[in-house]
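Okay, thanks for coming, everyone. I'd like to walk through one model today, starting at the ligand and working outwards.

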Amino acid sequence: MNVTLLSDLAIFGAIPAFGEPLHVGRPNIGNKGKFYERLDDILDRRWLTNAGRYVGEFERKVASYLGVKHCIVICNGTIALEIAIRALGLTGEVILPSFTFVATASALRWQGITPVFCDIDYQTYGLDWREVEKAISSRTTGIIGVHVFGRPCATKMLASVAKGNGLPLLFDAAHAFGCSHGGRMIGNFGNAEVFSFHATKFFNTFEGGAIVTNDDALAERARLMKNFGFAGHGRVALVGTNGKMSEVSAAMGLTGLESIGEFITVNRRNYLQYRHELWRVCGVRLMEYSESDNSNYQYIILEIDESVTSISRDQLVTVLLAENVLARSYFSPGCHRMEPYYSEVELSVTEKLSSRVLSLPTGTAVHSDQISKVCEIVRFTLENGREIASLLGDL
Ligand code: T4K
């Protein structure tokens, strides 16, 4: 699709494009002064990484925020997943959703483990426990649930399936920092949970992640593994890797933690504005967050029902792009339809959602008038779906 041509079309004259690109995934930044103070201290003390003061403080504060026994911070969420998978002793086959970022699957395959993709529940977008039960075989060694877009999986039912089959349960909680479920913070479910603190997450450490668990032995193994397996000078207890977080990242995390309430307030306000401005638009469903749990509201997810709108998700993304709104089609295609994992297996809910959903900009970098304009573009496009679809077809 030629986007330059598209933006020249008269229909887009109705709503002039944004001058600067409006991105999904703009980082939230805490108090810069506080961050610079910490940075100065790191540089003055010349202690940049390897069990530094800020990493220790950050781990203690994250553990206390989540009410979890152990927090091991890691250089990014993907390596955190790899370490958690290894520390849990997973091998053979592991069941996980296909509707996730590819890192969840690759953290397994990287270690020679076969990901077995399973369908999800349409209400939560998380693993469907009934499908998990069907997928368990003699080669299954574990289950990974993903709290997609920060909405908790069916934690109780998954725990019961895991327990009933003697399998460890790991949660990829990359999207769910600051969320709770049934009165407990995410971080306290399964054998362990893994967060991502990547720049695009509402809470970031530039790059970063964490493994959190209430299991002492598991925490000890993960701690050794992230530091080459060192159990003391010259003593290597097990095969490890380098998963350490730097002091600068921890300083960013500590600074962000001081503003996390404000980040969530802004995300919630943005979410409510999107909901208010889009609720009348036919064929669009804004993903809901449960009011009984705490959410971080970091994703604005629209589901486009093409049978009602006569315009597809991909066409809407093209229009938004022409208007300089860089919406993302997270997660499309599902992992089971990506080259390294390609499979003909039919996962009907995954396929439906991955062809229908898109993610819109939010966070502290996005202002109310920008949200109004994004909503106006969405409304206009859907209300004129037939004409726009046919224009797009002609380009
Ligand atoms: N599990 C799940 C379920 C995940 O979603 C992820 C990561 C992981 C595991 C692995 O965690 P990490 O190893 O990443 O810690 C982005 C992120 O890189 C990735 O962290 C995230 N999930 C995924 C959903 O999104 P891309 O390929 O879409 O990123 P990119 O570079 O296209 O950036 C997205 C948008 O953010 C763009 O519009 C630009 C904007 N952006 C990005 C960066 C880095 C900024 O405005 N500023 C920035 O600094 O993967």
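**Around the ligand**

So, straight to a contact: the side chain of His-23 has an N or O atom 3.0 Å from an oxygen atom of the ligand. Before I go on, remember that this is a predicted model, and these distances are computed from it.

Right beside that in the sequence, Val-24 uses its backbone instead: an N or O atom there lies 2.9 Å from an oxygen atom of the ligand. And then there's Arg-328, where a polar side-chain atom is 2.9 Å from a ligand oxygen.

How much of the ligand's accessible area does the protein cover? On its own the ligand has 930 Å², and the protein covers 76% of that.

Now the shell. There are 24 residues around the ligand, and the ones that come nearest are Thr-78, Asp-172, His-175, Ser-196 and Tyr-330. If you sort the shell by class, you get eight nonpolar, 12 polar and four charged residues.

**The pocket**

Where does the ligand go? The space it takes is the largest pocket. Two elements give two or more residues each to the shell around the ligand: helix H5, which is 77–87, and helix H6, which is 102–109.

The volume of this largest pocket is about 650 Å³. Its lining has 38 residues, and closest to the centre are His-175, His-198, Thr-200, Lys-201 and Tyr-299. You'll recognise His-175, which is also among the residues that come nearest to the ligand.

Which elements give two or more residues to the lining? H5 and H6 again, plus strand S9 (192–196) and strand S16 (357–360). By class, the lining divides into 15 nonpolar, 18 polar and five charged residues.

**Backbone oddities**

Last bit, and it's about the backbone. As background, most peptide bonds are trans, and most residues other than glycine have a negative phi. Here are some exceptions.

Tyr-330, one of the residues that come nearest to the ligand, is joined to Phe-331 by a cis peptide bond, with omega near -5°. Phe-331 sits in the loop between strand S15 (325–326) and helix H14 (348–356).

Then there's another cis bond, from Ser-332 to Pro-333, with omega near -5°. Pro-333 has its place in the loop between S15 and H14.

And for phi, take a look at Tyr-297: it isn't a glycine, yet its phi is positive, about 55°. You'll find Tyr-297 in the loop between strand S13 (284–286) and strand S14 (300–304).

That's my tour, so over to you.

Methods. Residues are numbered from 1 along each chain as its sequence is written. This is a predicted model: local features need pLDDT of at least 70, side-chain atom pairs count only at pLDDT 80 or more; totals for chains, interfaces and linings use all residues. Side-chain values use heavy atoms; hydrogens and water are left out. A residue is near a molecule or strand if one of its heavy atoms lies within 4 Å of it. A polar contact is a pair of N or O atoms within 3.5 Å; within protein, one must be able to donate a hydrogen and the other to accept it, and residues adjacent in sequence count only if both atoms are side-chain atoms. Accessible areas come from the Shrake-Rupley method with a 1.4 Å probe; for residues, only the protein chains shown count as cover. On a 1 Å grid over the protein atoms alone, a cavity is a set of points where a 1.4 Å probe fits but cannot get out, and a pocket is an open set with protein on both sides within 12 Å along at least five of seven lines; lining residues have an atom within 4 Å of a point. A molecule sits in a cavity or pocket if more than half of its atoms lie within 2 Å of its grid points. Helices (H or I, at least four residues) and strands (E, at least two) are DSSP runs, numbered from the N terminus. Ala, Val, Leu, Ile, Met, Phe, Trp, Tyr, Cys and Pro count as nonpolar, Asp, Glu, Lys and Arg as charged, and the others, Gly among them, as polar. Grid points are joined across faces, edges and corners, and a volume is the space filled by probe spheres set on the points.
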